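User: I'd like to practise reading a protein model feature by feature. Could you walk me through one?

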Amino acid sequence: MKFLKLLLVTLLLVTVQSVSANSQMPTPTPEQIEQFKKLPRAQQEAIAQQYGISIDELTSQGTQQKQSKNEQNPFESLPMKPKEEEDEEDKYKPEIEELKPFGYELFAPPEDQFDTRQPLLMANQNVPVPDDYSLNIGDSLVVTFYGKENFSQEVVIDRDGRLALPGLSPVQVVGLTFNEAKKLLKNKIEREVIGGEAFVSIGELEDIRVMVLGEVKKPGAFSLPAMSTIFNGLIAAEGITEIGSLRHISLKRKGKTVTELDLYDLLLSGDSSDDYTLKSGDVIFVPASSKRVTLRGEVHRPAIYELSEGESFQDLMRMSGGLKADAAKNKLTIKRYGNNGERRVISVVNAQQRAQTELQNGDEVHVPQASQSLSNSITLIGAVTHPGHYQWQKGAHVGDFIQSLNNDLLPIADREYALIVRESQLSGRISILQFSPLALLAGEQQDVALQPRDKVLFFSRYESREDEIDALEQLAYTKEQIIENERLALWDKYQSRQFFEFIDEKSDYLSFEKEEKETLSVRDLLKGKAHELEDGEYSVFSRKRMLGPLLSQLNRQGSPRNGAPLINVNGEVRYPGVYPMPEQASVEKAIAAAGGLKESAFVGKVEVTRADNDNSGNIKHLSLSLADDKNSIALQSKDTVTVFSKPNWQENVTVRLLGEVKFPGAYAIRPGETLAEVLERAGGLTQYAFAQGAIFTREYLREQEQDMLQKLAEDLRRDLASSSFQNSISSAKLTYDDMDNLLKDLSMTDALGRMVIDMDQVVAGGENIELRNADTLFIPKRMETVTVIGEVHVSTSTMFNAGFSIDDYIRNSGGLKQKADEDGIYIIRANGSVQKPDTGSWFASNRDTGIKPGDTIVVPLDYEHMDNLTLWSKATQIVYQMGVAVAALSSL
């Protein structure tokens with residue numbers, strides 16, 4: 001009884017474990033399911049049958065849960081191509097496309113996909129059996145009887161090759177085709193069974209055993225489905241090695257070659273007629289390839305091809321898909337190894353040679369690309385409505401391509417200046433022709449004849465991109481167009497911000513925005529800062545952009561015999577600079593190239609400066625009047641054309657009054673007008689004005705100061721780098737970092753161009769200051785503080801106290817530092833003048849110099865700590881003095 005109970009418990013446990021195992025059966029991952037769905041239906045059925053998986057359930061599954069690593073997934077047994085891990089060097093290394101032997105990728109499984117060799121082999125079991133299939137031992141036939149009795153019987157061919165039907169004598173069928181066996185069995189049944197008929201079909205087929213040898217990746221014996229072909233045998237051996245032949249694959253049967261398969265027929269034309277069905281005992285042999293030719297260049301399928309005996313150059317072209325449209329058909333070359341190992345080149349220049357040339361093993365055929373230059377074209381470039389290449393015809397002129405200024409040119413186009421760039425086909429030298437589109441279409445200038453490959457350049461009449469955009473925006477006449485332009489501008493700004501944030505340079509964008517907003521700041525106005533265009537600020541079709549490459553090319557044409565065809569235009573023209581010298585160059589053409597004359601230009605005198613070509617170095621100055629049409633000078637290479645300004649011409653000569661004046665702003669002045677007169681026009685000073693702190697700047701002084709700062713900085717750098725200076729540093733008390741910081745401060749200091757004036761005398765009329773263009777006067781508000789800077793513990797500003805001495809103000813700043821030069825203390829007055837304190841026998845105990853509101857007390861560095869270098873002492877004084885003036889503007 002106990003034994004029976006134990007047996008029942010055991011059976012129950014086994015049943016529970018079986019159910020539990022089935023309920024926990026792992027499912028394939030979503031990636032594997034997607035790959036499975038991409039396979040053909042026959043391969044899906046073969047895989048499902050092999051692993052016992054239902055296709056319907058598998059394909060209907062959605063996202064599956066992740067499986068435990070210890071669980072066995074039947075899909076994991078399918079071979080997958082491993083992913084190659086890329087290191088950092090391979091990730092960024094440029095890819096070099098290497099030619100590979102043609103056709104071998106046929107046996108390579110796709111990346112990240114199932115290796116489908118096994119499903120391809122299994123799929124042969126499901127294909128219909130042809131009537132000419134030769135029956136083998138182990139094959140089964142299904143015979144269905146109907147008539148007097150109806151039943152089906154599956155009969156297997158025995159080892160003797162006979163088929164034994166129930167109630168009938170055995171029939172010898174091995175070696176017969178399926179069609180012959182069907183007729184034989186039907187006749188036998190109809191003859192021996194009264195009133196009986198039969199239907200014969202193929203049952204299961206016995207696997208065949210074949211050998212795959214030679215240049216295959218895994219040679220050996222393989223069991224294949226009965227309907228397998230030579231190609232299936234090659235797949236079972238994992239394909240052909242790269243030295244194996246794709247053209248001469250032999251099928252041997254009983255020691256004789258039955259057929260020879262050429263896979264190129266299958267790859268190039270889809271012909272599988274030589275892909276015979278295999279039989280047991282067959283041998284597939286793949287020899288090594290004996291003749292390979294490399295084909296590079298402008299063909300549709302460059303690769304390394306295997307050629308058979310008798311195949312020609314034309315056959316190679318056919319294999320590659322033929323020549324591309326841009327192939328240079330008369331420039332083909334063959335690199336060939338000779339008998340002694342030397343390499344030589346053979347040119348194939350026409351179709352006859354291609355037909356007669358016999359290729360050899362190791363040949364490398366190169367098909368170059370044809371020239372991309374257009375031989376019969378005219379190219380329109382720049383500010384034209386439809387730029388590009390156009391057909392040249394004999395007798396073509398510029399007027400044939402530009403017939404309307406409004407329709408054929410952009411609204412921004414310069415209608416007075418255009419160029420034709422012509423290149424000599426023999427020497428390659430460039431010649432320039434200049435014309436005026438306006439004069440040409442108006443009939444005032446003869447139409448210019450064009451030659452093949454001419455390039456016609458049209459320029460914008462604006463150099464600045466901002467000016468060009470403003471001009472285009474003026475074309476928006478309706479409210480909707482104006483709003484659309486504003487939206488586009490905001491979108492461009494948004495994209496710029498997004499770009500800077502993407503590259504993690506948000507601070508750069510903010511500084512860029514800040515520069516745009518501060519273009520009219522007081523400091524910039526005081527410095528007379530002029531805006532110069534950066535490279536990215538030039539318009540697309542500006543002279544600067546379009547002529548740059550052309551000028552470089554023309555400059556390279558210069559030689560001792562022939563100078564570079566360049567001219568220089570200076571003075572009162574819109575765009576001074578260097579320009580190409582056209583044929584029949586004249587002063588008028590040079591001025592048109594520079595954008596024309598300004599309003600201030602004096603047409604009565606234009607000067608041409610020319611250097612003699614006799615190597616004497618003599619310079620000539622030729623003068624002419626533009627008012628005289630007959631008085632013209634033909635220009636030569638490197639001539640300089642200078643257009644002078646009208647005498648006493650004033651073009652927007654203005655000064656600026658800023659700060660505490662009743663009517664601040666820009667004032668146009670006449671020659672000789674004084675500061676007092678302009679102040680009177682501005683209504684005088686306000687009641688809050690601090691006249692003693694007036695800051696007056698002048699442009700030419702600013703330039704001189706900036707040059708002085710640059711020279712001083714260069715001298716300091718030179719001293720800092722010299723060996724003698726290094727020795728002095730080692731003995732000096734001033735550290736290298738202190739000197740380096742001082743040098744940086746000096747390098748970053750912008751000159752102001754301040755001129756010391758006595759504003760009280762100016763207002764009273766006792767000091768006459770004649771104004772110049774761009775002069776600036778800044779009147780600050782009343783100041784009630786005294787500032788202490790330099791070698792004190794804390795630089796501070798203290799409210800003015802009439803009873804305070806210099807020492808009192810210094811004590812409020814924490815006192816002197818150890819490196820301070822107590823004897824060198826000086827005062828920078830509010831008007832910019834510098835004054836040393838009065839010294840006496842009692843100076844050490846008291847200092848009285850008449851400190852006034854707005855003054856700055858400077859405590860310099862002791863020269864002993866700078867090793868008595870006068871350059872460094874000058875540098876500190878300049879930095880301090882510049883800082884005082886700038887500090888007065890910091891509140892604005």
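Analyst: Let's go from the overall picture to cores, rings, strands and single residues. Keep in mind that this is a predicted model.

User: Sounds good. How many helices and strands does the protein have?

Analyst: There are 26 helices and 35 strands. The protein has 892 residues, and 39% of them count as buried. About 52,100 Å² of surface is exposed, with carbon and sulfur atoms supplying 49% of that area.

User: What share of the contacts comes from residues 24 or more positions apart?

Analyst: Among contacts with a separation of 6 or more, such residues account for 63%.

User: Now the interior. Which residues touch the most other members of the largest nonpolar core?

Analyst: The general idea is that nonpolar side chains tend to be buried together in soluble globular proteins. Here, the largest nonpolar core holds 42 residues, and Leu234, Ile240, Ile249, Leu263 and Leu316 touch the most other members. The biggest contribution to this core comes from helix 8 (residues 230–236), which gives five residues. A second core of 35 residues lies apart from it, and its members include Ile430, Phe459, Val573 and Tyr575.

User: Let me zoom in on one of those. Which residues does Leu316 touch?

Analyst: Leaving out residues up to four places away in sequence, Leu316 touches Val293, Leu295, Tyr305, Leu307, Leu359 and Val365.

User: Next, rings. How many aromatic pairs are found in the whole structure?

Analyst: A search turns up seven. One of the pairs is formed by Phe102 and Tyr264, which meet edge-to-face, with 5.2 Å from centre to centre and 85 degrees between the planes. An angle over 60 degrees is what earns the edge-to-face label.

User: Which parts does that pair tie together?

Analyst: Phe102 sits in the loop between helix 5 (88–92) and helix 6 (117–122), while Tyr264 belongs to helix 9 (residues 263–269), so the pair ties together parts that are 162 residues apart in sequence. Both Phe102 and Tyr264 are buried. Ring pairs also bring in Tyr305, giving a cluster of Phe102, Tyr264 and Tyr305. You met Tyr305 already as a residue that Leu316 touches.

User: What lies over the face of Phe644?

Analyst: That is Lys605, at 5.3 Å from the ring centre.

User: On to strands. How do I read the two faces of strand 35?

Analyst: Start from the rule that side chains in a regular strand alternate between the two faces of the sheet. In strand 35 (residues 856–859), Thr856 and Val858 are on one side, with Ile857 and Val859 on the other. All four are buried, and both faces are covered.

User: And its neighbours: which strands run parallel or antiparallel to it?

Analyst: Strands of a sheet pair through backbone hydrogen bonds, and the pairing can be parallel or antiparallel. Strand 31 (residues 785–790) runs parallel to strand 35, joined by four bridges, and Gly790 has Val859 as its bridge partner. Strand 33 (residues 826–828) pairs with strand 35 in the antiparallel sense over three bridges, with Ile828 opposite Thr856.

User: What order do the strands take in the open sheet of five?

Analyst: The order is 27-26-30-28-29, and the pairing is mixed. Strand 27 (665–668) and strand 29 (754–755) are the edge strands, each pairing on one side only.

User: How are those two edge strands attached?

Analyst: Strand 27 pairs with strand 26 (residues 654–659) in the antiparallel sense over four bridges, and Thr654 stands opposite Ala668. Five residues separate these two strands, which form a hairpin. At the other edge, two bridges join strand 29 to strand 28 (residues 695–697) in antiparallel fashion, and Arg754 is the bridge partner of Thr697.

User: Last topic, accessibility. Why does Glu680 count as exposed?

Analyst: Glu680 counts as exposed because its relative accessibility is 66%, and the cut-off is over 50%. Glu680 is in helix 20 (residues 675–681).

User: How about Leu597: where does it lie, and what does it touch?

Analyst: Leu597 lies in the loop between helix 19 (587–593) and strand 23 (601–611). Its 26% relative accessibility makes it partly exposed. Its contacts beyond four places in sequence are Glu572, Val573, Arg574, Ile591, Val603, Leu626 and Val643. Leu597 and Val573 are 24 residues apart in sequence, yet their C-alpha atoms are 4.5 Å apart.

Notes. Residues numbered from 1 in each chain as written. Predicted model: local features only at pLDDT ≥ 70, side-chain atom pairs only at ≥ 80, totals over all residues. Heavy atoms only, no water. Core = buried A, V, L, I, M, F, W, Y, C linked by side-chain atoms within 4.5 Å. Buried < 20%, exposed > 50% of the residue type's maximum accessible area, 1.4 Å probe, protein only. Contact = heavy atoms within 4.5 Å. Phe/Tyr/Trp six-rings, centres within 6.5 Å; stacked < 30°, edge-to-face > 60°. Lys NZ or Arg CZ within 6 Å of the ring centre and 35° of its normal. Areas by Shrake-Rupley, 256 points an atom, 1.4 Å probe, with all protein chains shown as cover. Pairing = 2+ DSSP bridges.
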